[in-house]
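User: Could you take me through this structure, one question at a time, and give the criterion behind each term?

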Amino acid sequence: RRSFPISHLKIMSLGSFTHTSLDGVATTVTYSIDGEGCLVRETVVKSTGKHVDAKTPVLNVSAQSPLSAAVEQIEAYKLSPKSQIKGGNLDEIKAKIIAANPKQTQDEKEAANAVAATAAAAEGADY
């Protein structure tokens, strides 16, 4: 039995959709909130169709995601033909993500701290 830190557990599911390109590549994106209150994007990419070797690997990536990146991703997928999108309604998923008000990811916190430290150092250099 494998145990995961609470931060990796899905606490609240926000929705998912699948985009299938004309060449049969299916990308499923699932959004959730983890134990730290951060947004998590899980992306599964696989090739489908009769032309695909059954041994073709499936790519699965899951990580905390900034809110802005998730919103940009959804907006980009909304430009795809509706026939290529299955699953949850993109506008509804986007609204759920925004309403969940996810916390900053660790990467976002570190970037903000670095900017603050650089600004403080620059301010100190003026004296």
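The turns below go from the overall layout to single residues and their partners.

User: What kind of model is this, and in what order do the elements of the chain run?

Analyst: This is a predicted model, in which local features need pLDDT of at least 70 and side-chain atom pairs count only at pLDDT 80 or more, while totals for chains, interfaces and linings use all residues. Residues are numbered from 1 along each chain as its sequence is written, and side-chain values use heavy atoms, with hydrogens and water left out. The chain has three helices and five strands, where helices (H or I, at least four residues) and strands (E, at least two) are DSSP runs numbered from the N terminus. From the N terminus on, the order of the elements is β-β-β-β-α-β-α-α.

User: What percentage of the residues of the chain count as buried?

Analyst: Buried means under 20% relative accessible area, exposed over 50%, and partly exposed in between, with a 1.4 Å probe and protein chains only. Applied to the 127 residues of the chain, this criterion gives a buried share of 27%.

User: Which residue joins its side chain to that of R41 in a polar contact?

Analyst: R41 is found in strand β3, residues 39-47, and is buried yet has no salt bridge (a side-chain nitrogen of Lys or Arg within 4 Å of a carboxyl oxygen of Asp or Glu). With Lys and Arg counted as positive and Asp and Glu as negative, and His and the chain ends not counted, the nearest side chain of opposite charge is that of E72, 7.9 Å away. Contacts of R41 (heavy atoms within 4.5 Å), not counting residues up to four places away in sequence, include T30, Y31, V61 and Q73. A polar contact is a pair of N or O atoms within 3.5 Å, where within protein one must be able to donate a hydrogen and the other to accept it, and residues adjacent in sequence count only if both atoms are side-chain atoms; at 2.9 Å, the side chain that R41 meets in this way belongs to S65.

User: Why do the buried residues of helix α2 lie on the same side, and what arc do they cover?

Analyst: In helix α2, residues 90-100, the buried residues are L90, I93 and I97. An α-helix has 3.6 residues a turn, so residues three or four places apart point the same way. The face of α2 turned away from its buried side carries the exposed residues E92 and A99. Taking the directions from the helix axis to the C-beta atoms, L90, I93 and I97 are put on the same side of α2 because they cover an arc of only 65°.

User: Which residue caps the N-terminal end of α2?

Analyst: Just after α2, N101 takes a positive phi of about 50°. At the N-terminal end, a side-chain oxygen lies 2.9 Å from the backbone nitrogen of D91, and the capping residue that supplies this oxygen is N89.

User: What is the angle between the planes of F17 and Y77?

Analyst: A search of the whole structure finds two aromatic pairs, defined for rings of Phe, Tyr and Trp (its six-membered ring) with centres within 6.5 Å, where planes under 30 degrees apart count as stacked, over 60 as edge-to-face and the rest as tilted. F17 lies in strand β1 and Y77 in helix α1, so their pair ties together parts that are 60 residues apart in sequence. F17 is buried at a relative accessible area of 1%, and Y77 also counts as buried, at 16%. Ring pairs link F17, Y31 and Y77 into a cluster, and the pair of F17 and Y77 is edge-to-face, with 5.0 Å centre to centre and an angle between the planes of 70°.

User: Which residues are linked in a network of salt bridges?

Analyst: The structure holds three salt bridges, and in one of them the side chains of K78 and E75 meet at 3.4 Å, N to O. E75 also forms a salt bridge with K94, the closest N and O atoms being 2.5 Å apart; E75 lies in helix α1 and K94 in helix α2, so this pair ties together parts that are 19 residues apart in sequence. K78 forms a salt bridge with D91, whose closest N and O atoms are 2.6 Å apart. The network therefore links partly exposed residues, including D91 at 44% and K94 at 21% relative accessible area, and its members are E75, K78, D91 and K94.

User: Is H51 buried or exposed?

Analyst: H51 lies in the loop between β3 and β4, and its C-alpha atom is separated by 9.5 Å from that of D23, 28 residues apart along the chain. With a relative accessible area of 61%, H51 is exposed.
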